[in-house]
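I opened this notebook to look up where the model has open and enclosed spaces, and how some of its helices pack. The entries follow the order in which I looked things up.

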Amino acid sequence: MVENASRAAIISDRRITGLSAGVIAELVAELGPLWHERHQVRLASRPRKRAIGAGAKHRLVFVDRLLATLVHLRHGVTHDVLACWFGGDRSTITRAIGEVRPLLAERGCTLSSGVRLRTLAEVIDHLGAGGKTGIIDGTEIRVRRPAAGRKDRDRFISGKSKQNAVKNMVVTDGDGRVLFCSPTRPGSCADITHARQLGLVKLLADGPAVEILADAGYQGLGAQTGGRVITPPHRKFKKNAPDWYEEMHERQRKAHSSRRIRVEHGIAHMQNWRALARHLGRREHTSDIVQAVAGLLSHQQTADLTSAPQR
């Protein structure tokens, strides 16, 4: 168990966890009871020789389990190092991270206190209700190469990076605040295919009038959604284009790029968390990791907007 002074130092220094002390306090208040409830359910679900609560007590309290998970996600610190830091066994840290990480992934992205966006449909409704513009883009995370002989081994090879990766679709608002991060798909899945599989076309066609900015990887969705997905302008001249057209096309392309650059900033903030730089663990855990980081980043962004001085 980490000492109170060390715990306070971890919480007070935003560089360690990536979160402010206020956000960490909200996480403890929200997730602590939920973790305890699930822990009791796990204890009651197996045959027992002694009553629940008998035997040794937890040395690693919930706040320390949460802090260990945050440090692991933020800096990619190994479980062995965290075990030394928090004064426990490596297996205890591994189990703690495996229990807390899904809780973080289930939270969704925070808009305000108690208001969350967990699905793409909720994001579209939120953007439509506020008359806001959404921005979408895909991001990749390198993963271990699947074992030789696995029949779907080639599915993880990204055509963009030529590496083994998984892919997520990120949605931000016009200010770059993360509103949604999809579950992972194998790296060979194209951006536009991933968007269709998530149901974006149907949500935009049947839902509120929402403007969605996207890059050239999503060209084709505009026609399927009645022009609600806006991509860079097509090039009409393959070669020998007149000078006036080159100038106009470049101006339109830059204007579109300057509007959608905020999603790149949002993805860059996510990739500052070392767990997303390259995932060396089990690939099935990657979806929980990226959704947990997206939710934490969104919560901190909301807290920063709330505390910022009004002009």
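These entries cover the largest pocket, three helix pairs and the largest cavity.

**Entry: status of the model**

I note at the outset that this is a predicted model, and I read every value below as computed from it.

**Entry: the largest pocket**

I began with the largest pocket, for which I find a volume of about 410 Å³. Its lining is made up of 20 residues, and those that lie nearest the centre are His-72, Gly-76, His-279, Leu-280 and Gly-281. When I asked which elements give two or more residues to this lining, I found α4 (62-75) and α6 (90-105). Of the elements, α6 gives the most, with four residues. I then sorted the lining by class and obtained ten polar, six nonpolar and four charged residues.

**Entry: α4 against α5**

Since α4 appears in the pocket lining, I turned to its packing against helix α5, which spans residues 79-86. The two axes come within 11 Å and cross at roughly 140°. Angles over 145 degrees would count as roughly antiparallel, and α4 and α5 are therefore oblique to each other. I record the crossing of α4 and α5 as right-handed. On the α4 side the contact involves Asp-64, Leu-67, Ala-68, Val-71 and His-72, and on the α5 side His-79, Leu-82, Trp-85 and Phe-86. By class, this contact of α4 with α5 holds six nonpolar residues, two polar and one charged. I marked His-72 in particular, as a residue of this contact that is also listed among those nearest the centre of the largest pocket.

**Entry: α5 against α6**

How do the axes of α5 and α6 cross, and at what angle? I find that they come within 8 Å and cross at roughly 105°, and α5 and α6 are therefore roughly perpendicular to each other. The residues in contact are His-79, Asp-80, Leu-82, Ala-83 and Phe-86 from α5, with Arg-90, Ile-93, Thr-94 and Ile-97 from α6. I count five nonpolar, two polar and two charged residues in the contact of α5 with α6. Comparing the lists, I see His-79, Leu-82 and Phe-86 of α5 in this contact and again in the contact with α4.

**Entry: α6 against α12**

I next followed α6 to helix α12 (residues 286-307), where the axes come within 7 Å and cross at roughly 60°. That angle makes α6 oblique to α12, and the crossing of this pair is left-handed. The contact is formed by Arg-101, Pro-102, Leu-104 and Ala-105 of α6 together with Asp-288, Ile-289, Gln-291, Ala-292 and Leu-296 of α12. Its residues divide into six nonpolar, two charged and one polar.

**Entry: the largest cavity**

Last, I looked for enclosed space, and a search of the whole structure returned one cavity of 30 Å³ or more. The volume I note for the largest cavity is about 40 Å³. Its lining consists of Thr-139, Glu-140, Ile-141, Ile-267, Met-270, Gln-271, Leu-276 and Val-290. The elements that give two or more residues to this lining are β3 (133-142) and α11 (243-271). By class, I record five nonpolar residues in the lining of the largest cavity, with two polar and one charged.

Technical notes:
Residues are numbered from 1 along each chain as its sequence is written. This is a predicted model: local features need pLDDT of at least 70, side-chain atom pairs count only at pLDDT 80 or more; totals for chains, interfaces and linings use all residues. Side-chain values use heavy atoms; hydrogens and water are left out. On a 1 Å grid over the protein atoms alone, a cavity is a set of points where a 1.4 Å probe fits but cannot get out, and a pocket is an open set with protein on both sides within 12 Å along at least five of seven lines; lining residues have an atom within 4 Å of a point. Grid points are joined across faces, edges and corners, and a volume is the space filled by probe spheres set on the points. Ala, Val, Leu, Ile, Met, Phe, Trp, Tyr, Cys and Pro count as nonpolar, Asp, Glu, Lys and Arg as charged, and the others, Gly among them, as polar. Axes are lines fitted to C-alpha atoms, for helices over the stretch in contact, and angles run from 0 to 180 degrees between N-to-C directions. Angles under 35 degrees count as roughly parallel, over 145 as roughly antiparallel, 65 to 115 as roughly perpendicular and the rest as oblique. A crossing is left-handed if the near helix is turned anticlockwise from the far one by less than a right angle, and right-handed if clockwise. Contact means heavy atoms within 4.5 Å.
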